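Colleague: Please take a close look at one part of this model and describe it in connected form. I should like the cut-off behind each term to be given where the term is used.

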Amino acid sequence: MVKIRNQKLTAMLFCRKLPLLRSRPFSALHGGVRQAILSLSSSFHHHQSCYATKTLTRNNKTRINNCDDNNNGDDERRGKWFTLPPFTSTIDGSALGRQLACASKSPTSETTALKWVLQCCPGLPRNLVQKLFRLRQVRRESPSLDSSANEGHEQEIKLKRVAAKDSLKLGDRIFLPISIQESPSRKEKCPCTEEEVEFIQSLELYKDSAIIVINKPHGMPVQGGIGIRRSIDELAATCLTYDYSEPPRLVHRLDRDSSGILVMGRTQTSATVLHSIFREKTFSASKEDNDNEKRILQRWYWALVVGTPRCSKGVISAPLGKVVVDNGKSDRITVVNNDQIMSAQHAVTRYQVIKPSCHGYTWLKLSPLTGRKHQLRVHCAEVLGTPIVGDYKYGWQTHRKWKQFHPSDLNKDSNEEIPKEKTLHFGLDLESGSILEKQPRLHLHCKEMTLPNVSQAIQKVQLSSGCDVSKLETLKLVAPLPSHMQRSWDVLNS
């Protein structure tokens, strides 16, 4: 009897729980899948191109025929697409950059569907656009006129699926899903006060239709990251866009503690051209092509180093590699003796003494023929044996014995005073940091740069695709020294 009662009790409890199990909602059972779909939809709807023109709809004179749509769904969903401008003759930025760098004779003009979408929709992430092509959600217009004797003939627009690598012809129009324009794609700009905007714009050295050049201050990071609140790429989108529909794009890097010339492309095409120029510069130097006369891109840094190089000028060719230190907590770049190591990167630097040694310091001009991380700092410290003043990462042994420079060490009296620390916009201190202080700042500044006139090159190629752009005039940019380096220069030359 006890066993029977226990069985009945168990059965009653199970029946009471059964309705609860049956009534559990689908969203609870498949919450992960549903959340993933909503997340993808939200990120996809967030982007919209400012170049897109209009949504294609039906009218009395136009008939839309989706050749690849076999689904007889709701009639209202047919023919609703987000259209891009008709394809016109465009520029292959990478090929044009190689031509400017004397690496090829003429740029190719073939443009794929993927390139055209990315060019017209700079706000859409590349991986999202590629996914649209993989899901076969992108169409191309193939217009044709129905033969009719009547004056009011009907135009039929056929939409066919297009692959990412398909080449486009003049007049082709790309159609994307209508859902991408349901929410704005404008990226939230970094909030800045009027004074901060004026400060960033005051850093401009040069500006034309293709590029914008600024004199990056010491202590401001170029790109965002962990623990970085403000960076050049974010501030440029807020302060340096002006009347352009897209923000300036970075094409090369400067260390956070260094200063000087920083070039940005104002359009996607100009940024691609500049990327190719900087890339070809490193590639040609890696092939031992160090002839300065043939180099279309030249950069000269000024640096104050501790000590004096054995030779007044020369070329440093020493491969660099990354090593892990502090039990894996950090890493640093160092000269690698065996260039056969997988992580080794070929690095070449040209150097020249500006002024003879004075009070244990030497001013150098450094030209990186390759663009490796911390290349100049490592070559100065480990190859020349003259670490850069203020480089506590690669010259820590020298700075551990650092003795503050006093004006009394000069042959004649000097009234040079140490400026008081003054914090300006974005927490920058642009006054202190010379050799007169206990902890000087990094004395490395990109002072001069020569590069091709990208704006003229793009304009010429747009007018004539087969034109020769190898003989265009070059731009020569010069950035004044930052305050702490200028003060060190004045003290050592007083």
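Modeller: Strands are DSSP runs of E with at least two residues, helices are DSSP runs of H or I with at least four, and both are numbered from the N terminus. Two strands are taken to pair if DSSP finds at least two bridges between them. The model is predicted, so local features need pLDDT of at least 70 and side-chain atom pairs count only at pLDDT 80 or more, whereas totals for chains, interfaces and linings use all residues. Residues are numbered from 1 along each chain as its sequence is written, and side-chain values use heavy atoms, with hydrogens and water left out.

The protein has 13 helices and 18 strands; the part chosen here is a hairpin and what it meets. Strand β13 (residues 320-325) and strand β14 (residues 330-335) run antiparallel and are joined by 6 bridges. Leu 320 faces Val 335 of β14 across the pair. Between the two strands of this hairpin there are 4 residues, and Asp 326 adopts a positive phi near 55°.

From β14, the description passes to a helix by way of a salt bridge, defined as a side-chain nitrogen of Lys or Arg within 4 Å of a carboxyl oxygen of Asp or Glu. Arg 332 forms one with Glu 382, at 3.9 Å from N to O. This pair connects distant parts of the chain, since Arg 332 belongs to strand β14 and Glu 382 to helix α10, 50 residues apart. Glu 382 has 34% relative accessibility and counts as partly exposed, the class between buried (under 20% relative accessible area) and exposed (over 50%), with a 1.4 Å probe and protein chains only.

Helix α10 also supplies Arg 377, whose salt bridge with Asp 391 has its closest N and O atoms 2.8 Å apart. Because Asp 391 lies in the loop between α10 and α11 (396-400), this pair ties together parts that are 14 residues apart in sequence. Arg 377 and Asp 391 are both buried. Through shared partners, salt bridges join Asp 255, Arg 377 and Asp 391 into one network. By the same rule, the count comes to 9 salt bridges.

Finally, the loop between β16 (361-368) and α10 (375-383) holds Thr 370. Thr 370 is buried, because its relative accessibility is 0%. Its side chain reaches the backbone nitrogen of Val 348 at 3.0 Å.

Key. A polar contact is a pair of N or O atoms within 3.5 Å; within protein, one must be able to donate a hydrogen and the other to accept it, and residues adjacent in sequence count only if both atoms are side-chain atoms.
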